[in-house]
Amino acid sequence: LHNAFVFQKLQQQSITDGLTGIKTRRFFLENLQTEWKRASRSGRPFSVALIDLDKFKAVNDASGHLEGDLVLARVGHLLEQKSRQSNVVARYGGDEFVILMPETGAEQAQILSERLRLWIATDPMLNERNITGSFGVGSFPLHGATAEEVLRVADAGMYVSKRAGGNCVSIAEESPGTGSAMAKRQLLTAFIEGFLQREHTGPESVQELTSTIKKMCAATESRESLMEAICALSRASEGREVHASGLADTVARDVEMLGRELGMVDDELQEIVYAARVHDLGKLILPETILCKSGPLTEDEFYLVKMHPLVGAEIVSCIPASDRLQEIIMHHHERFDGAGYPDGLRGEQIPLGSRMLAVVDGYLTMMTDRPFAPRHSQAEAMAELERCSGTQFDGMLVRLYLAQVRGKQKSVARSQ
């Protein structure tokens with residue numbers, strides 16, 4: 001029993017800084033790697049804050065090292081006392097401290113760091129000795145794909161604070177070595193894959209998703225890169241729905257065919273075609289239990305389903321100059337008679353792109369096996385589209401589209 005207590009005491013001493021009573025650098029680095037592995041699997045963020053004390057050398061020079069030790073112990077106590085219980089607070093070396101913040105994005109980490117900075121700046125004992133803190137913040141996956149890159153960004157941010165005169169919180173613009181377009185694309189892809197693997201991706205997650213995509217693609221990424229990233233997100237989301245994989249590309253192809261029949265100019269048509277590719281993007285907020293449910297939906301489940309056009313439009317808002325794209329996606333479940341959602345628009349109040357998308361998507365979805373309904377034959381799907389012409393769908397677009405479908409049928413028959 002004595003040996004067990006001695007072992008436990010030695011173990012505790014090995015992970016605790018003797019001067020400040022907080023964790024050691026080694027303990028922090030081990031926990032950082034563990035958190036990075038967990039975050040990489042789950043797609044959840046984490047952040048690191050690095051703190052360097054301002055004017056600490058003056059205390060040592062003027063009052064001696066014993067006084068300096070008291071300052072370090074006080075700062076360590078404050079940081080641990082005022083941090084969340086889940087955070088790992090450690091002495092990084094000398095007068096530097098570090099905090100690991102699990103499940104914390106960049107904005108939240110900045111807010112928490114700002115609170116800690118204020119606690120240090122207003123503490124009577126530290127204030128008397130002119131001690132403040134320069135904070136730098138780095139977050140996964142926004143600032144780096146590895147734990148080391150995140151730590152480097154936090155370190156760079158801390159030096160930005162130093163150069164600004166200290167007593168502030170900064171985030172460096174970019175991590176050295178992670179600036180290439182390829183690295184950013186891989187990082188964005190990893191974040192998207194992790195996001196979709198989460199157990200809960202409800203409407204409350206959309207703000208985090210859009211904010212992260214915008215920041216990851218800010219400044220250096222082109223509009224095309226953002227559109228590619230959102231397409232990748234849409235394809236990954238589509239793969240969660242039974243028998244839906246590849247459906248959006250087929251819808252986009254037929255929407256383009258219909259647009260050419262209408263004599264649309266290329267720029268306008270390509271925008272509608274892109275909207276068709278990502279129109280069901282908002283379904284990523286739906287649990288697979290709803291996406292793959294074979295029976296009728298409950299009222300709460302249907303409420304969530306009706307949110308997906310709004311969520312899709314919100315995500316597409318990441319793309320610059322995307323107002324028309326957002327409108328097409330937001331209104332693709334409106335009905336021509338005004339009984340649709342989300343806004344109950346009717347007739348030509350509904351954007352033309354949304355009306356085109358509704359007709360094509362309605363027809364092709366009927367031709368696909370779904371958990372809640374068997375696949376229709378082509379004749380049945382065409383008959384249903386005609387039956388809903390003028391109520392659910394724009395009658396003029398139904399006639400044009402079905403004429404094209406029949407034309408393709410005749411062409412296939414002739415070739416055989």
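Let's start with Arg-38: this residue is partly exposed, with a relative accessible area of 26%. Please keep in mind that we are looking at a predicted model. Where does Arg-38 sit? Arg-38 is in helix α2, which covers residues 25-42.

Now for its partner. The side chain of Arg-38 meets the side chain of Glu-103 in a salt bridge, with 3.1 Å from N to O. Glu-103 lies in the loop between β3 (96-102) and α5 (106-122), so this pair ties together parts that are 65 residues apart in sequence. And how accessible is Glu-103? The relative accessibility of Glu-103 is 37%, so Glu-103 counts as partly exposed.

The pair also has company. Glu-35, Arg-38, Arg-44 and Glu-103 are linked in a network of salt bridges. If you wonder what brings such residues together, the general idea is simple: side chains of opposite charge can pair when their charged atoms come close.

How many salt bridges does the structure hold? The count is 22, and I'd like to show you two others.

The first on my list joins Arg-253 and Asp-254, where the closest N and O atoms are 3.1 Å apart. Is Asp-254 buried or exposed? Asp-254 is buried, with a relative accessible area of 3%. Arg-253, on the other hand, is partly exposed, at 48%.

Next comes the salt bridge between Glu-301 and Lys-293, with 2.7 Å between the closest N and O atoms. Glu-301 has a relative accessible area of 18%, and because buried means under 20%, Glu-301 falls in the buried class. Lys-293 has 23% relative accessibility and counts as partly exposed.

Let's leave the charges and turn to the strands. Please find β1, residues 46-54, on the structure above. How many of its nine residues are buried? The answer is nine of nine, so this strand is mostly covered.

Which strands pair with β1? One of them is β3, which runs antiparallel to β1 and is joined to it by seven bridges. You can pick out a matching point by finding Ala-49, which stands opposite Ile-99 in β3. Another is β4, residues 132-140, which pairs with β1 in the antiparallel sense over nine bridges. There, Leu-53 has Gly-133 in β4 as its bridge partner.

One general point helps when you look at strands: in a regular strand the side chains alternate between the two faces of the sheet.

To close, let me return to where we began: Glu-103 follows β3 in the loop before α5, and its partner Arg-38 is in α2. Thanks for listening!

Conventions:
Residues are numbered from 1 along each chain as its sequence is written. This is a predicted model: local features need pLDDT of at least 70, side-chain atom pairs count only at pLDDT 80 or more; totals for chains, interfaces and linings use all residues. Side-chain values use heavy atoms; hydrogens and water are left out. A salt bridge is a side-chain nitrogen of Lys or Arg within 4 Å of a carboxyl oxygen of Asp or Glu. Helices (H or I, at least four residues) and strands (E, at least two) are DSSP runs, numbered from the N terminus. Buried means under 20% relative accessible area, exposed over 50%, partly exposed in between (1.4 Å probe, protein chains only). Two strands pair if DSSP finds at least two bridges between them.
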